[in-house]
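Welcome! Please load the structure in your favourite viewer and keep the sequence beside it while you work through these exercises.

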Amino acid sequence: MGRPATATINLDALRHNYRIAEQLSGSGRVMAVVKADAYSHGAIACATALADIASGFAVACIEEALELRVSGIKQPILLLEGFFEPRELAMIDQYRLDTVIHHQSQVDALLACPPGHPLRVWLKMDSGMGRVGFAPDDYRKVWSQLHPLPFVKDIVLMSHFACADEPDGEHARQQLTTFNRYAHDLPGERSFCNSAGLIAIKEARGDWNRPGLLLYGVSPFTEAHGIEQKIRPVMELSSALISIKDIPAGSSVGYGSQWIAPKTTRIGIVAMGYADGYPRHAVNGTPVFINGHRVPLVGRVSMDMLTVDLTDVPEVRIGDRAILWGDDLPIVDVAKSADTIPYQLLCNLNRVPVHYSGGSPGMDDLTALADYSSEIPVLFGK
Ligand SMILES: *Cc1c(COP(=O)(O)O)cnc(C)c1O
């Protein structure tokens, strides 16, 4: 069996969460955001598990998109940042990808290399995120430039929230107002919402919504909200106790001797460290779930191991499972203790073997997932 660290991905939970996103979307459709290898859940596995129900998928770059296409995904696949180089356009055309257009240089490239097939573009406005997108004042001009092009099939009007996870929603509403002021009379579908927007900003729900984190069963909000009761965590990160020892008051634990036992303490060592993606900055007291108890992390997280105080857990044994996050321990709690967000914890996952359960009816055993890498076209040669 080897090292006990494992990430278990529950694809039934993923499907459940997709259905929740659909309910929130009302008559709008859900584009499942599976960028960054589906937040480390495995993009091909997750897209395959959603293939019979999802309306589309969104990724960060063409490499991620092609991986999905060659694995058999037929739905629209959207490049959330569009293309980075004009020569990607031939692939976008050949593999029928949707692209965001957020900059004039992309419009110019499209005009210079018109695709052969009808193309759906997602025209992005910077309504207050302050990152990519056309300034509101330029938005209509670009729309008018794209609209008459014979190969432009649809223009989806799109923007992205900066603060949809904030309790008052004030900034998000200002963004929506800006977006509507400049785009209200333009024809075409609308898309504004990430997970937090979809859950919290009802009036922003559009023809297409783009949840990521929500699908993985994690609330985008730092405080209790209610949505976490409805969704189910998809990933469980776990390992096992590989050593247990009693140490006297005054002994130190781990690198830097940064934790000193205040009394006789039973210490457990778990095979999980920052090389696996567990946050090194998790403070003393960060919860770990063992045998039905939340126990506190003590001492610094090292590369391959971490240490917990087992004094209050009766009958622990070497080999007992330790849950780092999952159903029994919300990842949000761990993120707070490490001064970060669940997104980063998920995306940092590394080295641990990933196992799958559930999925769509008739789906093959994903533990033996096919390797499609040889079928992915070599993008640009040398
Ligand atoms: C990543 C991303 C999303 C998904 O965000 P979540 O907060 O995970 O729901 C939606 N839209 C865009 C443009 C993104 O880059």
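Five exercises follow, each with a worked solution.

A note before starting: this is a predicted model, in which local features need pLDDT of at least 70 and side-chain atom pairs count only at pLDDT 80 or more, while totals for chains, interfaces and linings use all residues. Residues are numbered from 1 along each chain as its sequence is written, and side-chain values use heavy atoms, with hydrogens and water left out.

**Exercise 1. The nonpolar cores**

Task: find which residues have the most contacts inside the largest nonpolar core.

Solution. Start with the term: a nonpolar core is a set of buried Ala, Val, Leu, Ile, Met, Phe, Trp, Tyr and Cys residues joined through side-chain atoms within 4.5 Å. Buried means under 20% relative accessible area, exposed over 50%, and partly exposed in between, using a 1.4 Å probe and protein chains only. The largest such core has 124 residues, and Leu68 and Tyr278 have the most contacts inside it. Next, list the partners of Leu68, where contact means heavy atoms within 4.5 Å. Setting aside residues up to four places away in sequence, Leu68 touches Val34, Ala43, Ile44, Ala47, Phe57, Val59, Ile73 and Ile77. Apart from the largest core lies another one of seven residues, including Ile247, Trp259, Ala261 and Ile269.

**Exercise 2. H1 against H3**

Task: describe how helix H1 and helix H3 cross, and which residues make the contact.

Solution. First, locate the elements: helices (H or I, at least four residues) and strands (E, at least two) are DSSP runs, numbered from the N terminus. H1 covers residues 11-25 and H3 covers residues 43-50. Second, take the axes, which are lines fitted to C-alpha atoms, for helices over the stretch in contact, with angles running from 0 to 180 degrees between N-to-C directions. The two axes come within 10 Å and cross at roughly 60°. Third, classify the angle: under 35 degrees counts as roughly parallel, over 145 as roughly antiparallel, 65 to 115 as roughly perpendicular and the rest as oblique. H1 and H3 are therefore oblique to each other. Finally, Leu11, Leu14, Arg15 and Tyr18 of H1 meet Ala45, Cys46, Ala49 and Leu50 of H3.

**Exercise 3. H7 against H8**

Task: repeat the analysis for helix H7 (residues 136-146) and helix H8 (residues 170-183).

Solution. The axes lie 9 Å apart, at an angle of about 40°. H7 and H8 are therefore oblique to each other. On the H7 side, the contact uses Pro136, Asp137, Tyr139 and Arg140; on the H8 side, Thr178, Phe179, Tyr182 and Ala183.

**Exercise 4. Tyr18 in its surroundings**

Task: decide whether Tyr18 is buried or exposed, then list its contacts.

Solution. Tyr18 sits in helix H1. Its relative accessibility is 0%, so Tyr18 counts as buried. Beyond residues up to four places away in sequence, Tyr18 touches Val30, Ala32, Leu50, Ile53, Ala54, Ser55 and Leu215. Of Tyr18 and Ile53, one can add that they are 35 residues apart in sequence and 8.5 Å apart in space, C-alpha to C-alpha.

**Exercise 5. Positive phi**

Task: inspect phi and exposure at Arg96 and at Ser257.

Solution. Most residues other than glycine have a negative phi. Arg96 has a positive phi, near 50°, and lies in the loop between helix H5 (89-94) and strand S5 (98-101). With a relative accessible area of 43%, Arg96 is partly exposed. Ser257 has a positive phi of about 45° and lies in the loop between strand S11 (252-253) and strand S12 (259-260). Ser257 is partly exposed, at 40% relative accessible area.

Methods. Contact = heavy atoms within 4.5 Å.
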